[in-house]
Amino acid sequence: MHVLIDGLRADIPAGVEEQANCLQLALNAADIWSEAYSARRADEDAMKTYLSERLPRWLDTLELFHDKTSNGGVYFFGDEPTYADFELLNSLNILDFMFGIEEFGDTLDAWKDAMESRPGVSAYLASCEPVLYPQVAKM
């Protein structure tokens with residue numbers, strides 16, 4: 001089964017366990033975004049703690065999760081990306097934008113390269129500019 005997200009095809013895994021794992025990845029991506037945003041808004045010490053302690057644990061967890069669920073494919077659930085792959089790509093790109101993080105580990109970097117080389121994604125990334133809301137720009 002698959003869905004179209006603004007013209008981008010995103011698979012939904014067929015099995016119940018795979019669907020649960022896909023949802024878990026999407027929720028993890030949301031948590032990473034939320035924690036990063038909170039750290040960015042916090043004081044300097046809290047941000048440094050997030051970047052040096054919490055984020056590395058998230059990245060290790062994601063790499064292990066990919067190893068467990070990818071079935072040898074480049075994406076988290078095989079040979080095609082799911083909605084959760086797209087959500088995580090957004091979260092990692094936000095980390096890059098907010099903190100200048102460009103490398104996430106061998107597995108995640110290879111996955112991110114594969115995601116960003118997809119024709120629809122690469123066209124989108126080449127054409128978009130981040131939206132800076134006034135309250136974010138002041139941080």
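Modeller: Before we look around, one term: two residues are in contact when heavy atoms of theirs lie within 4.5 Å. Please also keep in mind that this model is predicted.

Colleague: Thanks! Let me begin with the overall layout. How many helices and strands are there in the chain?

Modeller: The chain has six helices and two strands. Read from the N terminus, the order of elements is β-β-α-α-α-α-α-α. The chain has 139 residues, and 36% of them count as buried.

Colleague: And what share of the contacts with a separation of 6 or more comes from residues 24 or more positions apart?

Modeller: That share is 64%. Asn-93, in helix α3, gives you a case to look at. The C-alpha atoms of Asn-93 and Trp-33 are 9.9 Å apart, with their positions 60 residues apart along the chain. Leaving aside residues up to four places away in sequence, Asn-93 touches Lys-112, Glu-116 and Leu-125.

Colleague: Now a pair of helices. At what angle do α2 and α4 pack?

Modeller: Helix α2 covers residues 44–69 and helix α4 covers residues 106–116; they pack at about 70°, and their axes are 8 Å apart. Angles of 65 to 115 degrees count as roughly perpendicular, so α2 and α4 are roughly perpendicular to each other. The crossing in which α2 passes α4 is left-handed.

Colleague: Which residues of α2 and α4 meet?

Modeller: From α2 come Leu-59, Leu-62, Glu-63, His-66 and Asp-67, and they meet Asp-106, Thr-107, Leu-108 and Trp-111 of α4. By kind, the residues of this contact are four nonpolar, two polar and three charged.

Colleague: What about Leu-64: is it buried or exposed?

Modeller: Leu-64, also found in helix α2, has 60% relative accessibility and therefore counts as exposed. Its C-alpha lies 9.1 Å from that of Thr-107, although the two are 43 residues apart in sequence.

Colleague: Which residues of α4 are buried, and what covers them?

Modeller: In α4 the buried residues are Leu-108, Asp-109, Trp-111, Lys-112, Ala-114 and Met-115. Their cover includes α2, α3 and α5, the last being residues 119–127.

Colleague: Next, the rings. How should I read an aromatic pair?

Modeller: Two values describe a pair of aromatic rings: the distance of the centres and the angle of the planes. This structure holds five such pairs. One of them is Trp-33 with Tyr-37, which is stacked, with 5.3 Å from centre to centre and 5° between the planes. Both residues sit in helix α1 (residues 16–41), and their spacing of four residues is about one turn of the helix.

Colleague: How accessible are Trp-33 and Tyr-37?

Modeller: Trp-33 has 36% relative accessibility, so it counts as partly exposed. Tyr-37, at 22%, counts as partly exposed too. For another geometry, turn to Phe-65 and Phe-77, an edge-to-face pair with 6.3 Å from centre to centre and 80° between the planes. This pair links distant parts of the chain: Phe-65 is in helix α2, while Phe-77, twelve residues away, is in the loop between α2 and α3 (83–99).

Colleague: Are Phe-65 and Phe-77 buried or exposed?

Modeller: Phe-65 counts as buried because its relative accessibility is 12%. Phe-77, at 15%, also counts as buried. Together with Phe-76 and Trp-111, Phe-65 and Phe-77 form one aromatic cluster. You have already met Trp-111 as one of the α4 residues that touch α2.

Colleague: Let's stay in that loop. What do you see at Ser-70 and Asn-71, in the loop between α2 and α3?

Modeller: Ser-70 has 5% relative accessibility, so it counts as buried. Beyond residues up to four places away in sequence, Ser-70 touches Tyr-75, Phe-76, Phe-77 and Gly-78. Asn-71, by contrast, counts as exposed because its relative accessibility is 68%.

Colleague: And what is the phi of Asn-71?

Modeller: First the general idea: most residues other than glycine have a negative phi. Asn-71 has a phi near 50°, a positive value in a residue other than glycine.

Technical notes: Residues numbered from 1 in each chain as written. Predicted model: local features only at pLDDT ≥ 70, side-chain atom pairs only at ≥ 80, totals over all residues. Heavy atoms only, no water. Axes fitted to C-alpha atoms, helices over the stretch in contact; angles between N-to-C directions. Parallel < 35°, antiparallel > 145°, perpendicular 65-115°, else oblique. Left-handed = near helix turned anticlockwise from the far one by under 90°. Nonpolar A, V, L, I, M, F, W, Y, C, P; charged D, E, K, R; others polar. Phe/Tyr/Trp six-rings, centres within 6.5 Å; stacked < 30°, edge-to-face > 60°. Buried < 20%, exposed > 50% of the residue type's maximum accessible area, 1.4 Å probe, protein only.
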